[in-house]
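Hi everyone, thanks for coming. I'd like to walk you through a structure that will be new to most of you, so let's put it up on the screen.

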Amino acid sequence: MDALWIAVALVVAGGVGSPVTMLVLRLARSVDTAERRREELPEPADQPQLDMPDPPAEPPRAPVDALPPGVLRGGLVIGVLERLAVTVAILGGQPVAIAYVVAVKALGRYAELKETPAASERFIIGTLASMLWAAGVATIIKVYLLHVT
């Protein structure tokens with residue numbers, strides 16, 4: 001029976017974690033977009049305006065989620081493998097192994113993250129959401145269904 005619960009944990013952590021992570025990334029993007037809109041609100045029309053020279057035009061900003069093609073490619077597969085590794089580490093009683101997963105992932109993405117600030121923000125949000133999901137699933141299975149403390 002334990003093998004069945006471990007298999008369930010791996011399927012739920014690895015498979016269901018992708019939509020959960022995507023939802024968190026979409027939520028982060030919508031919060032960022034709302035904040036940008038608030039910052040760019042026009043001044044009220046009823047206030048007197050002074051005749052001042054127009055400020056220099058700013059170049060258009062790319063949306064935060066607009067990443068250059070090829071940046072953070074393979075993220076879906078890497079995310080599934082990451083969640084499986086975190087789940088196995090917790091179920092196997094080796095939570096220290098999670099640090100190795102984070103280190104390998106960060107080192108593998110270092111060049112891309114250094115060049116693109118939007119990619120590094122997306123990387124952090126996605127990694128945290130993914131790992132929290134996997135850790136939560138593994139902990140629930142381990143404590144409540146496998147009765148291991």
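Before we look at any residue, one term: when I say contact, or that residues touch, I mean heavy atoms within 4.5 Å. With that in hand, which residues does Ile90 touch, not counting residues up to four places away in sequence? They are Ile98, Ala135, Ala138, Thr139 and Lys142.

A quick word on where this comes from. What you see is a predicted model, where local features need pLDDT of at least 70 and side-chain atom pairs count only at pLDDT 80 or more, while totals for chains, interfaces and linings use all residues. Residues are numbered from 1 along each chain as its sequence is written, and side-chain values use heavy atoms, with hydrogens and water left out.

Now the overall layout. The protein chain has four helices and zero strands, and from the N terminus on its elements read α-α-α-α. Helices here are DSSP runs of H or I with at least four residues, strands are runs of E with at least two, and both are numbered from the N terminus. Of the contacts between residues at least 6 apart in sequence, 84% join residues at least 24 apart.

How much of the chain is buried? Of its 149 residues, 26% count as buried. Buried means under 20% relative accessible area, exposed means over 50%, and partly exposed is in between, using a 1.4 Å probe on protein chains only.

Let's go inside. A nonpolar core is a set of buried Ala, Val, Leu, Ile, Met, Phe, Trp, Tyr and Cys residues joined through side-chain atoms within 4.5 Å. The largest one here has 13 residues, and Ile90 is among those with the most contacts inside it, along with Ala9, Val86, Leu91, Ile98, Val137 and Ile141. Two or more residues come from each of helix H1 (2-39), helix H2 (75-91) and helix H4 (117-145). H4 is the top contributor, with five residues. As background, nonpolar side chains tend to be buried together in soluble globular proteins.

So how does H4 meet its partners? For the geometry, axes are lines fitted to C-alpha atoms, for helices over the stretch in contact, and angles run from 0 to 180 degrees between N-to-C directions.

Start with H1. H1 and H4 pack at about 150°, with their axes 8 Å apart. On the H1 side the contact includes Trp5, Ala9, Val12 and Leu25, and on the H4 side Trp133, Val137 and Ile141 are among the partners. By class, there are 16 nonpolar, four polar and two charged residues. For these classes, Ala, Val, Leu, Ile, Met, Phe, Trp, Tyr, Cys and Pro count as nonpolar, Asp, Glu, Lys and Arg as charged, and the others, Gly among them, as polar.

Leu25 is a nice one to click on in H1. Leu25 is buried, at 12% relative accessible area. Leaving aside neighbours within four places in sequence, Leu25 is in contact with Arg122, Ile125 and Gly126. The C-alpha atoms of Leu25 and Ala129 are 8.4 Å apart, although 104 residues separate them along the chain.

At the start of the chain, Asp2 also lies in H1. Asp2 is partly exposed, at 46%, and its C-alpha atom is 9.6 Å from that of Lys142, 140 residues away along the chain.

Next, H2. The axes of H2 and H4 come within 8 Å and cross at roughly 35°. Val86, Ile90 and Leu91 are among the H2 residues in this contact, and Ala135 and Ala138 are among those from H4. The contact has nine nonpolar, five polar and three charged residues.

Then H3, residues 97-115, whose axis comes within 9 Å of that of H4 and crosses it at roughly 160°. That makes the two helices roughly antiparallel, because angles over 145 degrees count that way, with under 35 roughly parallel, 65 to 115 roughly perpendicular and the rest oblique. This contact has nine nonpolar, two polar and four charged residues. Tyr100 is in H3 too, and counts as exposed at 59% relative accessibility.

Last stop: His147, in the segment after H4. What is the phi of His147? It is positive, about 55°, although His147 is not a glycine. Most residues other than glycine have a negative phi. His147 is exposed, at 64% relative accessibility.

That's my tour, thanks for listening!
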